[in-house]
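This briefing covers overall form, the interface, selected residues and backbone geometry. The sequence and the structure come first.

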Amino acid sequence: MAEASLAIVMVVALLGLLALGLWIGFALMGVGFIAMTLFTTRPVGDALATTLWSHSALWGLASLPLFIWMGEILFRSRLSTGLFEGLAPLTRRLPGGLIHVNIVGCTTFAAISGSSAATLATIGKITVPELKKRGYPDKMAYGTLAGASTLGLLIPPSIIMIVYGVTAQVSITRLFMAGILPGLMLAALFVGYIVLWGLLSETGRSLREAPASWGERLRGLVKLTPVALLVALVIGSIYGGLASPTEAAVLGVAGALLLSAIEGSLTWKQFQDGLMGAVKTTSMIMLLVMGSAFLTLAMGFTGLPRALAEWIGGMNLSPWMLIAALTLFYILLGLFLDGISSIVLTLAVVEPLVRGAGIDMIWFGIFVVMVAEMAMITPPVGFNLFLVQSMTGRDLGFIARAALPMFLLMLLGVVILTAVPELALWLPEVLTRN
Amino acid sequence: MQRAIEPLEAAIHRLCRLCGLLAALILLALALLVALSIVSRALGIYVPGLTDYAAYCLASAGTLGLAYTFGQQGHIRVALLVDQFRGRPRYWLEVSILGLAAAMAGYMAFYLVRMTYVSWIYEDRSDGSDEILIWIPQTPFALGACLFALVLLLALMRALLRRDLKGLLDSDTREDWD
């Protein structure tokens, strides 16, 4: 079994390079390099150059920096204050009170932002101090924030779906259509959990807010109009078939700039900071995308993904068992990696396997994004935990424990998604029919 | 030798800023090109190649921003194991990783320049509706990789001369852009 020993060499090389602390993009490139030198006589360097070029200069990927930029602009605007003041009168009467603003706020912001980091930072900067001031327990406030902000990945627009779409070569528009219902389902699960907490726990029952008057609610709705307009502009134009994701992203950037200009928070400094933030995140992700593209090419030469797919296929696993195994696998990866990294790291090998098992690649995209969300809140490496930590100063263990119920709810979400695949597949079918 | 440190730091700083500035300008160009494609389509005018130009912008902004992102400690990695080390072992570990990264960036840059050179010699054209000579957009793409390799090399020299890890760890990355 020469193939098996070479596979082991590559897995060891990958783990070694990653553990050393080499940038993930370069670790992928390095393993690709080893694989190509071992398996082919083709010139590696030239193959590397053409692959990097053809996988960077992509129209579909052009939406990536734009959605990142849009998030950066909105994070620096006063949008989060408006969101809080608008949502508070609408949700505070529910059992669990203002904790719901974390969920509804993140869900709403996720619909105009492509990343969970931007969602967490924007919603957290207003809800963390406000909930603290009103005596809500840290455990609930921080746990729900860390969990709900991961919806930034699942609810379109989504950076991670763009990366998945170009890597697995499926339509980004369809992925964006498929993500919203599973995203709302997760949000509903979170809301349900908070309602139960508000009804059943001692602290929860003691924290009942006064109902808002109709006037307050109406003023709240007015404060939500800018956000609603942005959502309609970005998601509406994609769902209505009026714009491609890249075009919708530019509309979003224009809308975000206009919004900050109207509310007076758009200074030259803000503009520069936002743009430079976008440059930084874009290049970080581009290095990952480039590394992954080269690794995929190199893996194709080795024949390993095909061998693995045949081996798994020969085991005659039921789809449920395959999905269960993959869920476990991605949760384990997620302990040490963030979502985008674990997707670009594995897709070269997992994609043929999943296609071979007859699983729809759009559905699999939603599945993998949901598992990636869980990776954001699992220690020792969970980016949302880090963000909440730097925002609140509480230690990682506390935040991780606080976010554990959210993790379990997401696991439940994965089970529901597997049992009812139409949750993801129905909307793209309806919207693209005609 | 110690006298070389200051100009070295200034060079790294300037190069990172330059790369960031170029990447930001290209990102703006990308946004304008996409906006132009929306407007032209709304007016019913067909401008060939706009989507291809936007894609080239993304590629170039991507590589040109690499050095800037490095300066901001923005590239992600698994730091779990490395963080267990302190003092000298940590220093040598970080320096070896940086050396490996610099070598890889140099390799990547060399072959991207070669690809661009070959496109130039053979006057290759794009397959898209823009039909542009492909070495033109490949040049800034390759340039970004070269500057990245250069900055990594300079950072390696700095770390070796200074005998510490200044500028390599998540410390102060805030920067004023005025």
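Chain A has 434 residues and a radius of gyration of 22 Å, which agrees with the value near 22 Å for a compact globule with that number of residues. The model is predicted, and local features are given only where pLDDT is at least 70. Chain A holds 22 helices and zero strands, and chain B holds four helices and zero strands.

**Chain A overall**

- Along the principal axes, the C-alpha atoms of chain A fill a box of roughly 75 × 50 × 45 Å.
- Buried residues make up 60% of the 434 in chain A.
- Of the contacts in chain A with a separation of 6 or more, 79% are between residues 24 or more positions apart.
- The exposed area of chain A is about 15900 Å², and 70% of it comes from carbon and sulfur atoms.
- Chain A carries 23 positive and 20 negative charges, and the mean positions of the two sets are 10 Å apart.

**Chain B overall**

- The order of elements along the sequence of chain B is α-α-α-α.
- The C-alpha trace of chain B spans about 65 × 35 × 35 Å along its principal axes.
- Chain B has 178 residues, of which 49% count as buried.
- In chain B, 77% of the contacts between residues at least 6 apart in sequence join residues at least 24 apart.
- Chain B has an accessible surface of about 9100 Å², with 63% belonging to carbon and sulfur atoms.
- For the 15 positive and 16 negative charges of chain B, the mean positions are 10 Å apart.

**Interface between chains A and B**

- The size of an interface is often given as the accessible area lost when the parts come together.
- Between chain A and chain B the buried area is about 4900 Å², and carbon and sulfur atoms give 79% of it.
- W23(A), W53(A) and M276(A) together supply 16% of the area that chain A buries against chain B, more than any other three residues.
- In terms of contacts, 58 residues of chain A meet 57 residues of chain B.
- T63(B) is in helix α2 of chain B, which covers residues 50-71.
- T63(B) has 0% relative accessibility and therefore counts as buried, the cut-off being under 20%.
- Leaving aside residues up to four places away in sequence, T63(B) touches M290(A) in chain A, and P140(B), F141(B), G144(B) and A145(B) in chain B.

**Buried positions in chain A**

- A178(A) is in helix α11, residues 172-200, and is buried because its relative accessible area is 0%.
- Residues touched by A178(A), apart from those up to four places away in sequence, are I362(A), I366(A), L423(A), A424(A) and P428(A).
- P428(A) is 250 residues from A178(A) along the chain, yet their C-alpha atoms are separated by 5.8 Å.
- W363(A) is in helix α19, residues 361-375, and is buried with a relative accessible area of 5%.
- W363(A) touches I323(A), L417(A), T418(A), P421(A), A424(A) and L425(A), again not counting residues up to four places away in sequence.
- A424(A) is thus among the residues touched by A178(A) and among those touched by W363(A).
- W363(A) and L175(A) are 188 residues apart in sequence, with a C-alpha to C-alpha separation of 8.4 Å.

**Backbone geometry**

- Most residues other than glycine have a negative phi, and most peptide bonds are trans.
- The peptide bond between P156(A) and P157(A) is cis, with omega about -10 degrees.
- P157(A) is in the loop between α9 (151-154) and α10 (159-168) of chain A.
- A cis peptide bond also joins P379(A) and P380(A), with omega about 0 degrees.
- P380(A) lies in the loop between α19 and α20 (383-392).
- Q169(A), which is not a glycine, has a positive phi near 55 degrees.
- The loop between α10 and α11 of chain A contains Q169(A), and this residue is exposed, with a relative accessible area of 65%.
- In chain B, E123(B) has a positive phi of about 50 degrees and is not a glycine.
- E123(B) is in the loop between α3 (87-121) and α4 (135-162), and is exposed at a relative accessible area of 57%.

Note on methods. Residues numbered from 1 in each chain as written. Chains lettered and ligands numbered in written order. Predicted model: local features only at pLDDT ≥ 70, side-chain atom pairs only at ≥ 80, totals over all residues. Heavy atoms only, no water. Helix = DSSP H or I, 4+ residues; strand = E, 2+ residues; numbered from the N terminus. Rg over C-alpha atoms; globule rule 2.2 N^0.38 Å. Buried < 20%, exposed > 50% of the residue type's maximum accessible area, 1.4 Å probe, protein only. Contact = heavy atoms within 4.5 Å. Areas by Shrake-Rupley, 256 points an atom, 1.4 Å probe, with all protein chains shown as cover. Lys, Arg positive; Asp, Glu negative; His and termini not counted. Charge placed at Lys NZ, Arg CZ, Asp CG, Glu CD. Buried area = accessible area lost by both parts, 1.4 Å probe.
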